[in-house]
Amino acid sequence: MREPNTATMASGPEAARINAELVARLERLPVTRRLSLIRIIIGSATFFDAYTVLAIAFAMPQLVTEWHLSAGEIGMILSAGYVGQIFGALFFGHLAERIGRLPVLLITILLFVSMDIGCLFAWGAWSMIILRFLQGIGTGGEVPVASAYINEFIGAKKRGRFFLLYEVIFPVGLMFAGIAGYFLVPVFGWKAMFIVGLIPAVLTIPMRALMPESPRWLASTGRVKKADAVVSMLENEAVKAGATLSEPVVRPVDSKATARSDWRELFKGIYRKRTFTIWFLWICVYMVNNGLITWLPTLYKQAFNLPLQTSLAYGWVTSAVGVIASILCALLIDRVGRKRWYSVAFLASTVPLVILTALGAVSATQVVVFASVAYAILQTISFSLYLYSAELYPTRLRAIGTGFGSAWLRAGSAIGPLLVGWIVDSYGVSVVFTVFAAVALIGGLITIFFAIETKGRVLEELSP
């Protein structure tokens with residue numbers, strides 16, 4: 001609910017002036033202990049989101065045997081969470097513009113933790129599909145709001161590296177799921193995957209009390225006194241830590257920066273092209289990557305008749321190389337730039353996919369090598385698109401714009417496993433990689449012709 005109109009609130013030109021001053025003060029801040037703590041806390045929730053995405057993939061080889069699942073049921077279980085995430089991203093992105101970033105983060109974390117517990121009691125395909133759908137609503141809402149929240153604290157020059165070192169936690173969560181699956185599932189069964197996943201998520205609930213609300217969001221909604229208090233706290237902590245703060249460079253901020261959020265603005269003016277571009281990038285990269293990562297352990301076991309532990313180990317290898325590539329991206333993207341990185345990565349990923357098609361994907365070794373290379377390259381895009389999405393929109397649209405965009409991430413993620421299941425049943429494994437190469441090529445062309453560069457630019461300059 002919006003606060004009543006009091007002396008602590010501002011509107012119109014006065015609000016724009018105050019907002020510009022607050023932004024200038026934020027832009028000159030170093031990365032303090034408080035900001036690092038925020039990154040760790042939010043990262044813990046994101047770690048669980050990633051873990052949850054892949055936990056079902058590593059539980060699946062055993063569930064196939066235990067529940068006698070068909071390829072169609074496998075695809076539906078793998079996709080159900082992503083379908084739920086579409087609804088979560090849309091609803092909670094809008095809610096975060098209305099009531100703030102922190103309340104929404106708490107609600108989403110509580111939702112996906114409770115549904116993770118529910119998955120322990122699933123007894124068949126349809127019960128797991130329903131629980132994964134509901135869990136997806138929570139995970140789908142948490143990540144885009146968290147991305148908007150973190151972006152709103154950091155200055156332009158440090159934003160890419162700071163944010164992506166937080167986002168690296170996502171592929172680390174994927175890798176950890178692989179490790180847990182390898183060691184736990186053969187010994188303790190598939191339920192162990194969900195029990196382990198509860199730990200990082202539960203820890204974030206009490207730690208949330210250490211996080212302040214986004215000062216950019218507070219200022220954009222007229223709560224200037226509260227916004228000033230948050231920025232002052234960060235400034236004082238920086239000075240106490242020995243930092244010397246330069247004089248803030250105040251740049252004019254458009255009066256629309258403090259306007260009421262209206263989702264229809266996503267499809268007007270400069271934001272129309274940005275909105276459709278980011279939607280297509282989300283769809284392309286996640287259709288390929290999640291189609292690969294969620295199906296590979298099952299493919300190794302079903303198509304190549306590998307033992308369960310070997311199948312899980314091969315799946316872990318793919319996750320691990322994704323983490324290495326993501327770290328390199330986090331360290332370099334502020335130098336290279338978003339558009340250039342995405343263009344090259346999309347086009348480069350088609351090479352191992354085409355090679356795999358040409359070889360016929362007749363052995364598990366071919367798949368683990370070339371699919372892992374393609375996945376690693378595309379993982380640098382998939383884990384950093386939250387950074388790029390948040391940079392494309394102003395504060396009044398950042399959470400909802402990122403939420404809308406990531407809803408298409410979820411759509412692509414849902415389509416990928418279903419597509420793999422259908423293609424494997426109808427045409428064979430090698431055709432999967434042909435289709436994925438074509439999708440990656442489309443993503444590269446869209447980036448080249450329609451994406452904009454955002455590196456090193458203040459958020460308010462990029463998006464008035």
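**Exercise 1. Find which residues glutamate 27 is in contact with, leaving aside its neighbours within four places in sequence.**

Solution.
- Step 1: apply the contact cut-off, heavy atoms within 4.5 Å. Glutamate 27 is then in contact with Ile154, Gly155, Ala156, Lys158, Arg216 and Val458.
- Step 2: place the residue. Glutamate 27 lies in helix α1 (residues 12–27). Helices are DSSP runs of H or I with at least four residues, and strands are E runs of at least two, numbered from the N terminus.
- Step 3: look for a polar contact, a pair of N or O atoms within 3.5 Å; within protein, one must be able to donate a hydrogen and the other to accept it, and residues adjacent in sequence count only if both atoms are side-chain atoms. The side chains of glutamate 27 and arginine 216 make one, at 3.0 Å.
- Step 4: check burial. Buried means under 20% relative accessible area, exposed over 50%, partly exposed in between, with a 1.4 Å probe and protein chains only. Glutamate 27 has 16% relative accessibility, so it counts as buried.

The model is predicted: local features need pLDDT of at least 70, side-chain atom pairs count only at pLDDT 80 or more, and totals for chains, interfaces and linings use all residues. Residues are numbered from 1 along each chain as its sequence is written, and side-chain values use heavy atoms, with hydrogens and water left out.

**Exercise 2. Describe the span, bend and burial of helix α11 (residues 269–302).**

Solution.
- Step 1: compare spans. The expected span is 1.5 Å times one less than the number of residues. For the 34 residues of α11, the first and last C-alpha are 50 Å apart, close to the 50 Å expected.
- Step 2: locate the bend, the angle between axes fitted to the seven residues ending at a residue and the seven starting there. α11 bends by about 50 degrees at tryptophan 295; proline 297 follows within four residues.
- Step 3: count burial. In α11, 26 of the 34 residues are buried, so the helix is largely enclosed by the rest of the structure.

**Exercise 3. Which residues have the most contacts inside the largest nonpolar core?**

Solution.
- Step 1: build the core from buried Ala, Val, Leu, Ile, Met, Phe, Trp, Tyr and Cys residues joined through side-chain atoms within 4.5 Å.
- Step 2: rank its members. The largest core has 130 residues, and Met128 and Met193 have the most contacts inside it. Helix α11 gives the most to this core, 17 residues.
- Step 3: list partners. Beyond four places in sequence, methionine 128 touches residues including Ile56, Trp67, Cys119 and Phe194.
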